[in-house]
Every structure is written in structure tokens, then in C-alpha cells.
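Biologist: I should like to learn how to read the features of a structure that is new to me. May we look at it together?

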Amino acid sequence: MVFWEGYVSDEAMGTFAPVVVYWLYAGFYQMLPPLDDYRLHTRKEEDEKNSVSLSAVVKGVLLQQLVQATVAQALFLVSSWKLFSNYCLMENASATVPGVKVATLNTLNLHGDSTLASEAFGSGLRDDPSVHLIPRALEGSKYEQLASQLTSTADASGVTTQPSVPVQILQIIIAMFVMDTWQYFVHRYMHQNKFLYRHVHSQHHRLVVPYAIGALYNHPLEGLLLDTLGGAISFLVSGMTARTAVIFFCFAVIKTVDDHCGLWLPGNIFHLFFQNNTAYHDIHHQLHGTKFNYSQPFFSIWDRLLGTHMPYNLVKRPEGGFEARLKRD
């Protein structure tokens, strides 16, 4: 049970919740007082080194989020069709399980709303009570357990079931590693390819001094290839449901914003549990660190394995705040 159940579909939440969370979390950082004692760069550095205005950053982020929302809607639709096809093909299930054809139609309707099913098979399905009979069609068969494990389904009373919590946690961990892998290699290639860096990735590095709202400030092509496509692949490879995706994508957004916040705040949980954190990514944004610390947003594994890891010292500045200094071996 989640707070949006019965009001908004998991697919809609998976599309729009990360956008809302981004602006809430980034807006929280933006509204904080200067906090000069915790900044990784002074406000003077931010004004002098950054070559793009806040208004341009906001417009760029909104454009990327529009693309992400569009891709997310398409992704959830494709995922529903894939699930539908799997049921149709499982050992000619319709011939062995009475009523399974009705059930497969309802796999496009995971939350008691037959919109997707009616779009695919005709509006008459919307008012057909049989589209709510998945458990009766699969009850007692080997498909019943498979359906409850792999996707969210609705029982006869309309209550949605999901994979077990351990399964969902495993799916999120898999998605984290998949996303890290994709983003590391695409990110690194955008630095190594001079054309892509000059015309695409350099837009993100206009923020030499990162701040929270600029976390997703990218060239539209980079936003599509690095973040949007990386998220889609993570979702598909992990096999998570739309509901689990809400949790994963919101967490990924919060982590990404935090990595760009430019503040080393005491008790920050991300600084405690992740070596890939605000200071780690700040090194990458520095002019002498752009060839290091490509990993994002979760772990630093690929940097360590492939020789692009740059350790740092966090030094207290006499005038207040901190500085992440490269520590070459």
C-alpha cells in the first residue's frame, strides 16, 4: 500500500514524481541561507567561474525533464506490452488456463483502470467487468505465482500486490549498478571525444562551481543519452515494476541533486554512506579534475577499476568553508 494508490497510477507517479522531487529537494538547497562555513566554493568563485545564468539553468533542466517524462511514459507502455506478450506466449497459456485471455488483457491494467487495455483492444473493454478477474483466471495455476512475483496485479477486490520487499530491494541494487555502469562509460566517452565534449558535454561544465538546481543542467542530447536512456535501461534490466521504479528514480534524483549541492553539511547521510558524494563529484567539476571521477551517481567502482579515481583532501579554508583538493599519488 502506498499513499497514491487509488488516486494516481504507478506509471504516472514514476513519470512525474522524480520531477517534483527534483524541484523540492533542489529548491530546499536553493532557499538555504549562504552557509559560508559549509560551502566547497566561495560565493565569489561561483559568480566568477560559472558561465551560465540561473535562469538558463532552470530552462535547461525543464527541457530535459520534459524529454524524460515523455520517454518514461513510452517506457511504461512498452513494459506493459512486454508483460502482455509474455503471458500470451507462455506455453500457449490460453489453451490450458481457462479465462487467461481475459487475464492477459488485464496485464495492461495493473491498477484497476482499463485505459491502456481499452486503447489497445477497443473501448468496449473499459466497461467489461471481466477485465478485473486476473486472480480467478490464474488461481491455482503456475502462472499465479509468476504474476505476483514479476509484476503488480490486482486481486478481485482491487487490492494491488507487488513483489516481496527483498525482491524489490534486489531490483533497486541491480538498477543502481546498471545505471552507474552506463553513466560511467557514456560520461567518460563524452570527455574523451573532443567533438562531443565541445558541442555537448561542455554545457554541463559551464557550472565549474556546481549547485543543486544545476544537477540536471545538460545539453538535450546528453540528457537523453546519459540520464534518460540510462534510467530506461536500469528499469528494464532490473525487471522492477512501475511502483518500485517510483522509489528508485526518486532516490536517484535526490542523490544526483545532493552530489551537486556544493555544500559539505554535517550529518549528511549521503556523505556517510557513499564515497561518491558532493566532494567527490566536485573534483570532477574542477578544471584540473575533469579527467577523473567520472562515476555517478552512486558508487566509485568503475573509477577505481579503470584508473580514473582521484582521491582528495577536504581542507578547511581560513575564511570559512571547505575545499576539496586533488590528492595525486
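Biologist: Which residues make the nonpolar surface patch?

Modeller: Please note at the outset that this is a predicted model. The nonpolar patch covers about 710 Å² and is made by Val165, Ile169, Ile173, Phe177, Phe185, Ile301, Leu305 and Leu306.

Biologist: Which element gives the most to the nonpolar patch?

Modeller: Helix 9 does, with five residues. Both helix 9 (165–192) and helix 15 (301–305) supply at least two residues of the patch. Ile301, one of the patch residues, is found in helix 15.

Biologist: Let us turn to the interior. How many cavities of 30 Å³ or more does the structure hold?

Modeller: The general idea comes first. Rolling a probe the size of a water molecule over the atoms shows where empty space is left. In this structure, there are two cavities of 30 Å³ or more. The largest cavity has a volume of about 560 Å³. Its lining comprises 39 residues, and those closest to the centre are Gln68, Leu216, Asp227, Thr228 and Val253.

Biologist: Which elements give two or more residues to the lining of the largest cavity?

Modeller: They are helix 1, helix 3 (54–89), helix 9, helix 11 (220–238), helix 12 (242–259) and helix 14 (278–285). Sorted by class, the lining of the largest cavity contains 16 nonpolar, 20 polar and three charged residues.

Biologist: Which residues line the second largest cavity?

Modeller: That cavity holds about 30 Å³ of space, and its lining consists of Phe177, Asp180, Thr181, Phe299, Ile301 and Trp302. Four of these lining residues are nonpolar, one is polar and one is charged. Helix 9 makes the greatest contribution to this lining, with three residues, while helix 9 and helix 15 each supply at least two. Phe177 and Ile301 belong to this lining and also to the nonpolar surface patch.

Biologist: What space lies in the second largest pocket?

Modeller: The second largest pocket holds about 340 Å³. Among the 20 residues that line this pocket, Tyr29, Gln30, Arg39, Glu46 and Tyr211 lie nearest its centre. The elements giving two or more residues to the lining are helix 1 (10–31) and helix 2 (43–49).

Biologist: How many nonpolar, polar and charged residues has the lining of the second largest pocket?

Modeller: The lining of the second largest pocket has 14 nonpolar residues, three polar residues and three charged residues.

Biologist: I should also like to understand the strands. How many bridges join strand 3 to strand 4, and do these strands run parallel or antiparallel?

Modeller: As a general point, the side chains in a regular strand alternate between the two faces of the sheet. Here, strand 3 (residues 312–316) and strand 4 (residues 322–326) run antiparallel and are joined by five bridges. Tyr312 stands opposite Leu326 of strand 4, and Lys316 has Phe322 in strand 4 as its bridge partner.

Biologist: Which residue takes a positive phi in the hairpin of strand 3 and strand 4?

Modeller: Gly320 does, with a phi near 115 degrees; the hairpin has five residues between the strands.

Note on methods. Residues numbered from 1 in each chain as written. Predicted model: local features only at pLDDT ≥ 70, side-chain atom pairs only at ≥ 80, totals over all residues. Heavy atoms only, no water. 1 Å grid on protein atoms, 1.4 Å probe; cavity = no way out; pocket = protein on both sides within 12 Å on 5 of 7 lines; lining within 4 Å. Points joined across faces, edges and corners; volume = space filled by probe spheres on them. Helix = DSSP H or I, 4+ residues; strand = E, 2+ residues; numbered from the N terminus. Nonpolar A, V, L, I, M, F, W, Y, C, P; charged D, E, K, R; others polar. Pairing = 2+ DSSP bridges. Patch = residues over 30% accessible without salt bridge, like charges linked within 9 Å, V, L, I, M, F, W, Y side chains within 5 Å. Areas by Shrake-Rupley, 256 points an atom, 1.4 Å probe, with all protein chains shown as cover. Salt bridge = Lys/Arg side-chain N within 4 Å of Asp/Glu carboxyl O.
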